[in-house]
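Thank you all for coming; I would like to take a few minutes on one model, beginning with its largest pocket and then turning to its nonpolar core. Please have the sequence and the structure open while I talk.

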Amino acid sequence: MAPRLTSAAFAAAGILFLVYPAVRPSGDDAEAMASTAWVAGHAAAMVGFVLLGLAVLGLHQVLGDRLSLRAAAVTWVGAGLTLPYYGAEDFGLNVIAQRSLRDQAPALMELAQEFRYGPVAVTMFAAGLLLLGVGTIMAAVSVWRSGTLPKWSGTALALGFALFIPQFFGPYPLRIAHGVLIMIGGLWLAAALVTAGMRARSAKV
């Protein structure tokens, strides 16, 4: 994956993780889940997870060390465990909520809670997000050690994913702030990669 594409993937992923809480309705009731904004917000997050995996893999191709390769592997596994939950949260709960409103059957929304807190589903979800935190921290350490990119350029993204689970328990403005943090992290790494690429090309001239 070319450094420019890696940079674009980090930037796009960061922006999408802000779009996710900004677009997603702040509530968790039937009207919120039945909305187009619910689908759009969660879809942004899902695309963000995929782009993050690609970006960390591209980062390994830039840095070329074992730690960045392990970071890519852990990030991909984390995204793989997280995405099924997000898919069901997005499309499944949207269908349930629309049916609940159409049939005026509030009891149907109990299915949403049964899914969300089902032991297998929530365990996979939590494990996936924890691995994403670990993967991005490993990537940040690899960046710190590399000498190729600015030492601090991976820290904001790593902090954002380390806080992904805790931010669910805060007020909604905190979730927006968390999205801003991940966006900053993605754009920071994107800019660092572009700058490093320009320096490498200048050195060859």
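Before the pocket, a word on classes: Ala, Val, Leu, Ile, Met, Phe, Trp, Tyr, Cys and Pro count as nonpolar, Asp, Glu, Lys and Arg as charged, and the others, Gly among them, as polar. By that scheme, the lining of the largest pocket divides into 11 nonpolar residues, 1 polar and 5 charged. Lining residues have an atom within 4 Å of a pocket point, and a pocket is an open set of points on a 1 Å grid over the protein atoms alone, where a 1.4 Å probe fits, with protein on both sides within 12 Å along at least five of seven lines.

I should say that this is a predicted model, in which local features need pLDDT of at least 70 and side-chain atom pairs count only at pLDDT 80 or more, whereas totals for chains, interfaces and linings use all residues. Residues are numbered from 1 along each chain as its sequence is written, and side-chain values use heavy atoms, with hydrogens and water left out.

Of the 17 residues lining the largest pocket, Y85, R116, Y117, F125 and F168 are the closest to its centre. Helix α6 (a DSSP run of H or I, at least four residues, numbered from the N terminus) provides the largest share of that lining, 4 residues.

Turning to the largest nonpolar core, a set of buried Ala, Val, Leu, Ile, Met, Phe, Trp, Tyr and Cys residues joined through side-chain atoms within 4.5 Å, where buried means under 20% relative accessible area with a 1.4 Å probe, protein chains only, we find 36 residues, and F10, F49 and F164 are among those that touch the most other members. Helix α3 gives the most to this core, with 8 residues.

Terms used
Helix = DSSP H or I, 4+ residues; strand = E, 2+ residues; numbered from the N terminus. Buried < 20%, exposed > 50% of the residue type's maximum accessible area, 1.4 Å probe, protein only.
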